[in-house]
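Work through these exercises with the structure open beside you. Try each task before you read its solution.

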Amino acid sequence: MSTARSLHDPLGDGAHGKLSLRTWLQLMKCARTIESAVGARMRRKYGQSLGRYDVLSQLYRFDGEWLPIGQLARHLMAASGNITALIDRMESEGLVERRPSPSDRRSSQVRLAANGRALFLTMTDDHAAWVDQALREVSETDKEALVGLLSTTRKAFEKAVAENGAETDGETPEPPQSGKEGNRRR
């Protein structure tokens, strides 16, 4: 008889084999797989990480407005890591513009530069095509159902956090990155 334990049931006693945990594990695996696949294509074609794309996307949403860096960090989909260092690099490449905050000289504001806007718009078409290609075997009906289920799941986690008074740390697991960004988060 094997003494090996399943990763899904590390104690070997069924304690961790609950459907909720299995659901969470599949969500995490799915997110990592998608981030890794799309991120690799972004790096190969554009020399940009998914984190950089996220920054460009959020700044694009604010349509040229100056945004405090802390506010930008709260809008990012994934962990921002050292957002200041990321903004430094993106500014040196002409993708974003930064200025001291007019109301608090200790903080900075950032907005999308013309080069960043052009890059984002080009990347967005490919991003949409890659995701569509990856999900081509999932029916439109299943995609609709999945969007609803994922929305319900996210809201359940948000409610649990609010009810338990727990704070989130803003961390979202990311696959290791290679290239210019190294293993740094975004």
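**Exercise 1. Find the strands that α2 lies across, and give its angle to β3.**

Solution. This is a predicted model.
Step 1: locate the helix. α2 covers residues 50-61.
Step 2: look at the strands beside it. α2 lies across β1, β2 and β3.
Step 3: compare directions. α2 runs at about 90 degrees to β3.

**Exercise 2. Work out the order of the strands in the sheet, and name its edge strands.**

Solution.
Step 1: take β1 and strand β3 (residues 108-112). They are joined by 2 bridges and run antiparallel. Within β3, Gln-109 is the bridge partner of Pro-68.
Step 2: take β2 and β3. Here 5 bridges join the strands, again antiparallel. Val-110 of β3 is the bridge partner of Arg-98.
Step 3: put the pairs together. The 3 strands form an open sheet in the order β1-β3-β2, with antiparallel pairing.
Step 4: pick out the edges. β1 (67-68) and β2 (96-100) each pair on one side only.

**Exercise 3. Decide whether α2 is largely enclosed, and check its span.**

Solution.
Step 1: use the cut-off. A residue is buried when its relative accessible area is under 20%.
Step 2: list the residues of α2 that pass. They are Leu-50, Gly-51, Arg-52, Tyr-53, Asp-54, Val-55, Leu-56, Ser-57, Gln-58 and Leu-59.
Step 3: draw the conclusion. Buried residues make up 10 of the 12 in α2, so the helix is largely enclosed by the rest of the structure.
Step 4: set this beside the chain. Of its 186 residues, 27% count as buried.
Step 5: check the span. At 1.5 Å a residue, the 12 residues of α2 should span 16 Å. The end C-alpha atoms of α2 are 16 Å apart, which agrees.

**Exercise 4. Describe how α2 meets α4.**

Solution.
Step 1: recall what is needed. Two packed helices are described by the angle and the distance between their axes.
Step 2: read off both values. The axes of α2 and α4 (residues 83-92) come within 11 Å and cross at roughly 80 degrees.
Step 3: classify the angle. Angles of 65 to 115 degrees count as roughly perpendicular, which makes α2 roughly perpendicular to α4.
Step 4: name the residues in contact. α2 brings Gly-51, Arg-52, Val-55 and Leu-56. α4 brings Ile-83, Leu-86, Ile-87, Arg-89 and Met-90.
Step 5: sort them by type. The contact has 6 nonpolar residues, 1 polar and 2 charged.

**Exercise 5. Compare the expected span of α1 with the model, then find what its buried residues pack against.**

Solution.
Step 1: work from the length. Helix α1 (residues 19-46) has 28 residues and should span 40 Å at 1.5 Å a residue.
Step 2: compare with the model. The end C-alpha atoms of α1 are 40 Å apart, in agreement.
Step 3: list the buried residues of α1. They are Leu-25, Glu-35, Val-38, Gly-39, Met-42 and Tyr-46.
Step 4: find their partners. These buried residues pack against α2 and α5 (114-134).
Step 5: look past the helix end. Just after α1, Gly-47 takes a positive phi of about 65 degrees.

**Exercise 6. What is unusual about the phi of Asp-63, and is this residue buried or exposed?**

Solution.
Step 1: recall the rule. Most residues other than glycine have a negative phi.
Step 2: read the angle. Asp-63 is not a glycine, yet its phi is positive, about 45 degrees.
Step 3: place the residue. Asp-63 is found in the loop between α2 and β1.
Step 4: judge its accessibility. At 59% relative accessibility, Asp-63 counts as exposed.

**Exercise 7. Find how far apart in space Arg-99 and Trp-66 are, and then Thr-124 and Tyr-53.**

Solution.
Step 1: start in strand β2, where Arg-99 lies. At 30% relative accessibility, Arg-99 counts as partly exposed.
Step 2: cross to Trp-66. The two are 33 residues apart in sequence and 8.6 Å apart, C-alpha to C-alpha.
Step 3: list what Arg-99 touches beyond four places in sequence. These are Trp-66, Ser-108 and Gln-109.
Step 4: move to Thr-124 in helix α5. Thr-124 counts as partly exposed, at 24% relative accessibility.
Step 5: cross to Tyr-53. The C-alpha atoms of Thr-124 and Tyr-53 are separated by 8.6 Å, with these positions 71 residues apart along the chain.

Notes
Residues numbered from 1 in each chain as written. Predicted model: local features only at pLDDT ≥ 70, side-chain atom pairs only at ≥ 80, totals over all residues. Heavy atoms only, no water. Axes fitted to C-alpha atoms, helices over the stretch in contact; angles between N-to-C directions. Helix = DSSP H or I, 4+ residues; strand = E, 2+ residues; numbered from the N terminus. Parallel < 35°, antiparallel > 145°, perpendicular 65-115°, else oblique. Contact = heavy atoms within 4.5 Å. Nonpolar A, V, L, I, M, F, W, Y, C, P; charged D, E, K, R; others polar. Expected span 1.5 Å × (residues − 1). Buried < 20%, exposed > 50% of the residue type's maximum accessible area, 1.4 Å probe, protein only. Pairing = 2+ DSSP bridges.
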